[in-house]
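Visitor: I've got a structure open and a few things to ask about it. Could you walk me through them?

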Protein chains: 2
Amino acid sequence: MKSIRLICFTLLFLFSATGFNSTVYAQEHVDIEAYRDDAEKIINAAMKDNQKFEYLTQFADRFGHRFSGSESLENSIDWIVNEMKKDGFDRVFTQDVKVPYWVRGEESATLMSPRKKNLPMLGLGGSVATPEEGIEAEVLVVSSFEDLKEKADQAEGKIVLYDVPFTTYGQTVQYRLRGAVEAAKVGAVASLIRSVGPYSMQTPHTGTSRYEDGVKKIPHAAITLEDAAMIHRMSDRGETIRILLEMDAKTLPNATSRNIIAEMKGSENPEEIVVFGGHIDSWDVGQGVMDDAGGCFAAWEALRIMKELGLRPKRTIRVVMWTNEENGLRGGNAYRDMVMGNGSLENHILAMESDGGVFEPKGFGFSGSDEAFAMIKEIGKLLEPIGSNNITRGGGGADIGPIMREGVPGMGLVVDGSRYFWYHHTAADTIDKLSAEEYNKCIATMAVMAYVAADAEKTLPR
Amino acid sequence: MKSIRLICFTLLFLFSATGFNSTVYAQEHVDIEAYRDDAEKIINAAMKDNQKFEYLTQFADRFGHRFSGSESLENSIDWIVNEMKKDGFDRVFTQDVKVPYWVRGEESATLMSPRKKNLPMLGLGGSVATPEEGIEAEVLVVSSFEDLKEKADQAEGKIVLYDVPFTTYGQTVQYRLRGAVEAAKVGAVASLIRSVGPYSMQTPHTGTSRYEDGVKKIPHAAITLEDAAMIHRMSDRGETIRILLEMDAKTLPNATSRNIIAEMKGSENPEEIVVFGGHIDSWDVGQGVMDDAGGCFAAWEALRIMKELGLRPKRTIRVVMWTNEENGLRGGNAYRDMVMGNGSLENHILAMESDGGVFEPKGFGFSGSDEAFAMIKEIGKLLEPIGSNNITRGGGGADIGPIMREGVPGMGLVVDGSRYFWYHHTAADTIDKLSAEEYNKCIATMAVMAYVAADAEKTLPR
Ligand SMILES: [Zn+2]
Ligand SMILES: [Zn+2]
């Protein structure tokens with residue numbers, strides 16, 4: 001009893017001490033009272049009307065989806081760069097990035113037995129094609145990789161269907177990523193997955209997938225929740241399932257795309273950089289506006305607001321729209337290579353990304369030191385008026401991952417994600433799923449955080 | 001003041017008197033205390049497990065959609081009749097019904113300008129085809145029939161798109177029903193509607209439509225909410241919209257379908273009939289299980305429960321699965337003709353229909369005399385344990401409409417319809433949108449009401 005109490009006291013002391021020190025530390029580094037007025041101005045500018053949302057809407061309608069290698073992506077980049085130049089930022093430039101170029105082509109899946117039915121589907125990114133006549137084979141339904149292992153001796157020559165209900169994205173996406181490899185290892189001729197999402201109106205989801213050296217590449221596609229569940233039921237009833245899969249997909253030589261970078265130079269420490277943005281590429285369905293034109297444009301609008309309000313922070317602010325997040329992450333890697341190459345990586349004091357949809361913002365998830373976390377929490381208090389002041393531990397973004405792994409503190413905008421995976425990577429990722437008010441709040445949240453972090457008395461510590 | 005008070009008192013007296021009389025009347029006709037045990041048995045039998053839902057699921061998986069004229073509809077009717085015969089009902093028979101036979105064929109819509117995009121679509125029932133090369137034309141977007149009238153001089157040679165957001169089904173469906181006629185009258189070459197529904201994941205809705213003698217028949221189809229709204233925005237921005245519409249649809253000679261009728265003969269007044277059911281045909285998408293295999297099967301299960309429990313009411317109970325509700329109502333009309341022809345219409349004491357999806361049941365909407373309403377309300381009290389005891393004024397069903405118009409009291413099962421129009425007439429009307437528990441409650445609700453109405457001391461008055 002005594003020893004436990006002693007431990008408890010000691011822990012309590014340690015926690016209190018840490019908390020106390022961090023808060024003092026944070027307050028020394030950033031005096032948020034001094035930023036209340038600027039934060040209010042930024043929030044008011046972001047929230048004032050629906051014009052920013054209308055601008056995003058026009059972009060979404062004009063270009064639609066923007067897949068790596070597509071004309072649409074490069075046209076949209078040209079258009080953005082041109083508009084950014086009109087904004088009069090200190091510097092607008094692009095960085096060439098070699099990106100994979102996968103083309104879906106014509107594709108279909110048809111249930112042939114026990115009855116004929118067209119199966120809405122989307123081939124998964126990077127998949128090989130079927131032979132021209134398609135692949136018609138019996139289907140082996142499995143519920144997990146373990147289940148596949150148990151049924152391995154039945155898989156030869158079959159199409160494996162992974163009917164795995166959505167739990168978390170991280171768990172369920174494994175079947176999209178590794179499904180073809182694991183199925184090929186046990187002799188399957190193609191693999192299908194239940195689309196990675198919790199809800200469907202016969203809505204297939206696409207996304208990237210992988211092959212492994214030394215394992216036969218077999219075609220890999222997603223069918224809908226409804227059809228996967230139905231086929232599973234049929235199989236459980238002992239019926240023989242046959243599917244005809246036809247896919248034209250091909251991988252062309254790498255294409256050239258671009259990261260877009262717009263800068264406001266810092267007034268006192270221009271060499272220090274706060275970088276934030278999203279990814280401008282999308283999947284080849286829908287408008288790719290939740291994922292992730294919205295994140296890109298929110299960052300861009302944040303920078304515009306600072307410029308309009310005449311708020312030039314001490315450090316440089318850089319908005320980046322990374323390319324090829326979806327099927328290669330080449331943009332994020334190329335950015336890292338550039339800033340490592342020119343020695344500016346060490347001066348990246350903070351990286352932020354919005355890639356969870358510009359829904360109602362809740363705050364940020366931060367990855368960095370305790371001192372930096374305390375300082376970000378302190379800045380977060382300025383977001384109380386719009387409710388996006390919840391700063392939690394852990395977070396980042398795919399595109400900023402490469403520089404975060406080199407030591408840059410990073411964080412991701414956290415939003416109400418309750419419907420994110422309804423639309424993610426589907427034809428239903430369209431502007432009508434978003435709202436002007438929530439978008440404006442995302443802009444305000446990004447702008448206040450970026451501005452104050454870039455202007456604080458002391459530099460955010462690593 | 002005095003005269004108003006006098007009127008108020010008089011009204012109060014009249015209402016009270018009516019209310020009092022009806023209740024007394026109802027209690028004289030049906031002593032619900034005598035039915036508490038039977039109602040409890042019925043509810044327990046309906047709610048006991050998921051087997052009834054599994055049975056409905058197997059049906060939905062086996063036959064899929066069942067459109068008038070299709071092999072699938074007739075095969076499903078064969079299967080049901082065969083199963084019903086195994087149930088040992090007193091009588092199982094079918095009534096031949098000539099039904100329209102419209103075939104969708106291949107179809108597509110493509111936005112050609114301002115950018116190319118495939119538009120998910122469904123041709124509307126009864127539509128004519130386009131010429132083989134399709135119809136490519138400029139699009140005139142309108143918000144209502146009034147708006148079309150105002151823009152009538154711009155419609156010549158164009159495709160009219162009605163972008164009308166969903167309000168109520170009754171209002172919005174007018175554009176599906178009459179859209180082609182009104183567009184043709186002002187010289188349009190085809191017409192498109194925003195799908196009739198409040199929610200979409202790029203989900204087109206189909207449904208029936210009409211032509212008018214003397215007005216040119218033009219192709220008529222539905223595109224999605226997302227695309228209709230996008231095209232409207234583009235048009236508002238002054239962009240020229242062009243769409244290529246290709247439809248193969250054709251109307252073949254009438255086919256023969258069947259109403260299915262299963263009976264339990266009454267023990268004392270077999271000539272008096274309580275009839276209830278749903279429609280067995282569906283649109284040619286999805287599984288047509290919400291609309292309306294669920295309603296058919298709920299009625300069937302209700303009759304099975306009575307049989308299993310040895311509950312034979314005084315009057316005859318008849319379950320009917322009407323055919324061709326969706327695009328002709330030929331089943332409901334043929335049933336009326338049959339019962340008028342053989343003189344049994346007068347003995348139909350009550351008709352009930354479930355065609356709003358077998359979601360959580362709330363009660364019934366009733367159309368008939370005050371005395372009958374009071375009696376149905378009284379019976380409704382037996383449904384309190386499952387919360388479906390809310391009996392309201394007004395209601396019926398499309399298939400029972402023809403006999404209701406001839407004087408038969410009628411009512412419709414009322415359910416939680418909050419997502420009904422998400423799925424209605426779309427590929428997303430599949431079994432996974434329903435739940436076993438809610439389905440069981442619908443069965444219990446139909447069974448208790450039908451049984452007690454058929455067994456009550458006195459006949460439900462007209
Ligand atoms: Zn993304
Ligand atoms: Zn219906």
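Visitor: Is Y169(A) buried or partly exposed, and at what relative accessibility?

Guide: Keep in mind that this is a predicted model. Buried would need under 20% relative accessible area. Y169(A) is over that cut-off, so it counts as partly exposed, at 22%.

Visitor: Which ring does Y169(A) stack with?

Guide: Planes under 30 degrees apart count as stacked. In this pair the planes are 15° apart, with the centres at 4.7 Å. Y169(A) is in helix α6 (residues 169-185), and its partner is in helix α12 (residues 420-423), 252 residues apart. The partner is F421(A).

Visitor: How are the rings of F59(A) and W79(A) arranged?

Guide: Across all chains there are 47 aromatic pairs. In the pair of F59(A) and W79(A), the centres are 5.7 Å apart and the planes make an angle of 40°. Planes under 30 degrees apart would be stacked and over 60 edge-to-face, so this pair counts as tilted.

Visitor: Which helices does that pair of F59(A) and W79(A) tie together?

Guide: Both F59(A) and W79(A) are buried. They also belong to a cluster of linked rings that includes F297(A) and W300(A). The two residues sit 20 apart in sequence, so their pair ties together helix α3 (residues 51-63) and helix α4 (residues 71-87).

Visitor: Which ring does the charged end of R419(A) sit over?

Guide: There's a charge over a ring at R393(A), which has its charged end over F373(A), 4.6 Å from the ring centre. For R419(A), the distance to the ring centre is 4.2 Å, and the ring is that of W422(A).

Visitor: What is the arrangement of the donor atoms around the zinc ion (ligand 1)?

Guide: The donors come from H279(A) (NE2), D291(A) (OD) and D355(A) (OD), with D355(A) listed twice, at 1.8 to 2.6 Å. Tetrahedral would need all angles between 85 and 135 degrees. Here the four donor atoms subtend 53 to 147°, which makes the arrangement irregular.

Visitor: How many residues apart in sequence are the parts that D291(A) and D355(A) tie together?

Guide: Along the chain, the zinc donors follow the spacing H-x11-D-x63-D. D291(A) is in helix α8 (residues 289-308), while D355(A) is in the loop between β13 (348-353) and β14 (361-367), so the parts tied together are 64 residues apart.

Visitor: Where in chain A does pLDDT stay under 50?

Guide: Chain A averages a pLDDT of 94, and 94% of the residues score at least 70. The low-scoring stretch has zero contacts beyond four places in sequence, and it covers residues 1-20.

Note on methods: Residues are numbered from 1 along each chain as its sequence is written. Chains are lettered from A and ligands numbered from 1 in the order in which they are written. This is a predicted model: local features need pLDDT of at least 70, side-chain atom pairs count only at pLDDT 80 or more; totals for chains, interfaces and linings use all residues. Side-chain values use heavy atoms; hydrogens and water are left out. Donors are N, O and S atoms within 2.8 Å of the metal (3.2 Å for Na, K and Ca); water is not among the atoms, so sites may look incomplete. Four donors count as tetrahedral if all angles lie between 85 and 135 degrees; four count as square planar and six as octahedral if opposite donors are over 155 degrees apart and all others between 65 and 115; anything else is irregular. Helices (H or I, at least four residues) and strands (E, at least two) are DSSP runs, numbered from the N terminus. Rings of Phe, Tyr and Trp (its six-membered ring) pair if their centres lie within 6.5 Å; planes under 30 degrees apart count as stacked, over 60 as edge-to-face and the rest as tilted. Buried means under 20% relative accessible area, exposed over 50%, partly exposed in between (1.4 Å probe, protein chains only). A charge sits over a ring if NZ of Lys or CZ of Arg is within 6 Å of the ring centre and within 35 degrees of the ring normal. pLDDT is the predictor's confidence in each residue, from 0 to 100. Contact means heavy atoms within 4.5 Å.
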